[in-house]
Amino acid sequence: MTRWTTAALLTTLALTGLTACSDDDSPSSVASKVASAASRAGDAVSSATAEAGRRFDDIRNGADARDDVRLGTPATASDGRTTVDVAATNTTGSAKSFTVEVDFTDRNGKLLDAVVLTVPDVPAGGTGKGTARSTHDLSGDVRAKVPRAVRH
């Protein structure tokens, strides 16, 4: 876990009730609460990447299409979620759909979230568009990349 993440978790915990410590809040119980919060954050990313893997496992007869997918610049939507525009270009002679994994990372490349979206029914020679949306609020310098994309 990075120092920034640890600091953010400590700040969040302090603001959500640890400042009103009772006699039962020993240093070890506070540390346990911090570790629990950190574990939940890690579990969320693990869950998102596992779901992405399941979605790709369900695709039959797909072709690697990473080179045919372009991303816009990540932005924070009004609800706090990070979004990024996705454009998938169909270079084949018939309509195809694209399943695209978008990884949201921090500036150091640490995975913050992973989402999978489908850009359906892109016409032959055309470009289909979609929007990837993070599963939770992300902060800081968020970047997006496409580790997997399949045309099917």
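Okay, let's start in the middle of the sheet: β5 and β8 run antiparallel to each other, with seven bridges between them. Keep in mind that this is a predicted model.

Now step back to the whole sheet. Four strands make it up, it's open, and the order is β1-β8-β5-β6, with antiparallel pairing. At the edges sit β1, residues 63–64, and β6, residues 111–122, and each of those pairs on one side only. On the β6 side, β5, which covers residues 96–105, makes nine antiparallel bridges with β6. Over at the other edge, β1 and β8 are antiparallel too, with two bridges. One of the residues there is aspartate 64, whose bridge partner in β8 is valine 150.

If you want a residue to orient yourself by, take aspartate 103. What does aspartate 103 face in β8? Lysine 145 stands opposite. And in β6, the bridge partner of aspartate 103 is alanine 114.

Next, the core. The largest nonpolar core has 19 residues, and the ones touching the most other members are Val100, Val102, Phe104 and Ala132. Which elements put in two or more residues? Those are β4, at 81–89, plus β5, β6 and β8. The top contributor is β6, with five residues. Grouping of this kind fits a general tendency: in soluble globular proteins, nonpolar side chains tend to be buried together.

Let's zoom in on valine 102. Setting aside residues up to four places away in sequence, valine 102 touches Leu71, Val84, Val86, Asp113, Ala114, Val115, Leu117, Ala132, Ala144 and Lys145. So that you can place two of those neighbours: Ala114 is also the β6 bridge partner of aspartate 103, and Lys145 is the residue opposite aspartate 103 in β8.

Okay, arginine 151. This one is in β8, residues 143–151. Buried or exposed? Arginine 151 is buried, because its relative accessible area is 15%, and the limit for buried is under 20%. What does its side chain talk to? There's a polar contact with the side chain of aspartate 68, at 3.0 Å. Beyond neighbours within four places in sequence, the contacts of arginine 151 include Asn61, Gly62, Ala63 and Ala65, then Asn90, Thr91 and Thr92, and also Lys96, Ser97 and Phe98.

Compare aspartate 121, over in β6. Aspartate 121 counts as exposed, because its relative accessibility is 62% and the cut-off for exposed is over 50%. The backbone is worth a look as well: phi is positive, about 50 degrees, and aspartate 121 isn't a glycine.

While we're in that area, look at alanine 95, in the loop between β4 and β5. Alanine 95 and proline 120 are 25 residues apart in sequence, with 8.9 Å between their C-alpha atoms. Leaving out residues up to four places away in sequence, alanine 95 touches Asn90, Val122, Pro123 and Ala124.

Last thing, confidence. The chain averages a pLDDT of 77, and 65% of the residues score at least 70. Where does it drop? Residues 1–23 have pLDDT below 50, and that stretch has 17 contacts in the model beyond near neighbours in sequence. Residues 26–41 also stay under 50, with twelve contacts beyond four places in sequence. Where pLDDT is low, the predicted coordinates should not be read in detail. So I'd leave the contacts of residues 1–23 and 26–41 out of any detailed reading, given pLDDT below 50 in the one and under 50 in the other.

Terms used
Residues numbered from 1 in each chain as written. Predicted model: local features only at pLDDT ≥ 70, side-chain atom pairs only at ≥ 80, totals over all residues. Heavy atoms only, no water. pLDDT = per-residue confidence, 0-100. Contact = heavy atoms within 4.5 Å. Pairing = 2+ DSSP bridges. Buried < 20%, exposed > 50% of the residue type's maximum accessible area, 1.4 Å probe, protein only. Polar contact = N/O pair within 3.5 Å; in protein donor to acceptor, adjacent residues only side chain to side chain. Core = buried A, V, L, I, M, F, W, Y, C linked by side-chain atoms within 4.5 Å.
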